[in-house]
Amino acid sequence: VAPALASATITNASPTNTSTYYLTYGATTGTFSEYCILENSVTVGSCAWVVVALPASKVVSAANNAKVLSVWIRDAAGNVGARVDTNSVVYDNTLPLVTLLSHTGADKAYRGGTSSTISWTATDTALATTPISIEYSTNSGSSWTSIVSGIANSGSYAWSVPALNTSTVRIRILATDLATNVGSATSSQDFSIDQTIPTVTA
């Protein structure tokens with residue numbers, strides 16, 4: 001009589017950006033000495049049998065797709081239990097594609113203490129519900145200060161320009177997808193913020 005495995009479950013959230021899929025199992029009936037786990041394949045003839053207890057995890061392939069793991073167990077006499085399929089979990093390690101449409105470089109100075117619209121595009125197969133965060137730097141990108149985080153991907157945001165005088169400002173847009181991959185776009189050059197009123201001499 002072949003051994004039997006009741007169930008197998010991938011515990012990662014779907015989608016996930018980790019290639020290590022963690023597994024839990026239901027009860028086994030009978031004694032088994034080997035197992036086989038295949039990714040997106042139900043062909044037991046492709047098995048490379050492993051002589052060890054069922055593993056707590058499996059590293060999946062790098063292909064960005066939905067993955068089902070099929071599990072078999074086999075006893076010392078060669079009897080193979082029925083195939084058990086896990087739930088489907090999507091592997092996604094592709095970063096969202098982000099483009100900054102405004103505040104791109106040294107073509108313009110912005111007046112401190114006013115409002116300026118930041119524009120962008122962000123695309124992905126599975127963006128988070130509120131995926132966008134916006135930051136600015138006053139040292140050419142060496143460090144960043146948050147403008148806003150966790151907003152909708154509306155494509156524009158009214159920035160309250162800080163009351164500063166500096167010529168080394170940059171903007172960065174970050175977009176997060178459901179697998180927690182983060183894509184970004186940054187000003188390609190520094191731009192200026194100027195709040196100094198010109199002085200007119202008679």
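A nonpolar core is here a set of buried Ala, Val, Leu, Ile, Met, Phe, Trp, Tyr and Cys residues joined through side-chain atoms within 4.5 Å, where buried means under 20% relative accessible area, exposed over 50%, and partly exposed in between (1.4 Å probe, protein chains only). The model is predicted, so that local features need pLDDT of at least 70 and side-chain atom pairs count only at pLDDT 80 or more, while totals for chains, interfaces and linings use all residues. Residues are numbered from 1 along each chain as its sequence is written, and side-chain values use heavy atoms, with hydrogens and water left out.

**Exercise 1. Describe the largest nonpolar core, the elements that supply it, and the surroundings of Trp-159.**

Step 1. The largest nonpolar core has 21 residues, and those with the most contacts inside it are Ile-118, Ile-134, Trp-159, Ile-171 and Ile-173.

Step 2. Two or more residues each come from strand E11 (97-100), strand E13 (115-123), E14, E15, strand E17 (166-177) and strand E19 (191-194); strands (E, at least two residues) and helices (H or I, at least four) are DSSP runs, numbered from the N terminus. E17 gives the most to this core, with four residues.

Step 3. Another core, of 15 residues, lies apart from the largest one, and among its members are Ile-37, Leu-54, Val-60 and Val-71. In soluble globular proteins, nonpolar side chains tend to be buried together.

Step 4. When neighbours within four places in sequence are left aside, Trp-159 is in contact (heavy atoms within 4.5 Å) with residues including His-103, Thr-114, Ile-118, Tyr-136, Ile-147, Val-169, Ile-171, Phe-191 and Ile-193.

**Exercise 2. Work out the strand order and the edges of the sheet that contains E2, E3 and E6, and then of the sheet that contains E5, E8 and E9.**

Step 1. The order E2-E3-E6 describes an open sheet of three strands with antiparallel pairing, two strands being paired if DSSP finds at least two bridges between them. Strand E2 (8-10) and strand E6 (57-59) each have a single partner strand and stand at the edges, so one side of each is left without a neighbour in the sheet.

Step 2. From one strand to the next the twist averages 30 degrees, with axes taken as lines fitted to C-alpha atoms, for helices over the stretch in contact, and angles running from 0 to 180 degrees between N-to-C directions.

Step 3. Strand E3 (residues 20-25) pairs with E6 in the antiparallel sense over three bridges, and Tyr-22 stands opposite Ser-57 in E6.

Step 4. The other open sheet has three strands in the order E5-E8-E9, again with antiparallel pairing. Here E5 and strand E9 (84-85) stand at the edges with a single partner strand each, so one side of each lacks a neighbour in the sheet.

Step 5. Strand E8 (residues 69-74) and E9 are joined in the antiparallel sense by two bridges, and Val-71 has Val-84 in E9 as its bridge partner.

**Exercise 3. Which cysteines does the disulfide join, and which parts of the chain does the pair tie together?**

Step 1. A search of the whole structure finds one disulfide, a disulfide being a pair of cysteine sulfur atoms within 2.5 Å. The residues joined are Cys-36 and Cys-47, with an S to S distance of 2.1 Å, and the link is left-handed, with -90 degrees about the S-S bond.

Step 2. Because Cys-36 lies in strand E5 and Cys-47 in the loop between E5 and E6, the pair ties together parts that are 11 residues apart in sequence.

Step 3. Cys-36 counts as buried at 1% relative accessibility, and Cys-47 is buried with a relative accessible area of 14%.

**Exercise 4. Locate the cis peptide bond before Pro-15 and examine Asn-40 and Ser-140, which have a positive phi.**

Step 1. Most residues other than glycine have a negative phi, and most peptide bonds are trans.

Step 2. The peptide bond from Ser-14 to Pro-15 is cis, with omega near 5 degrees, and Pro-15 is placed in the loop between E2 and E3.

Step 3. Asn-40, although not a glycine, has a positive phi of about 50 degrees; Asn-40 sits in the loop between strand E5 (34-39) and E6 and counts as partly exposed at 41% relative accessibility.

Step 4. Ser-140, also not a glycine, has a positive phi of about 65 degrees; Ser-140 is found in the loop between strand E14 (127-137) and strand E15 (145-151) and is partly exposed at 32% relative accessibility.
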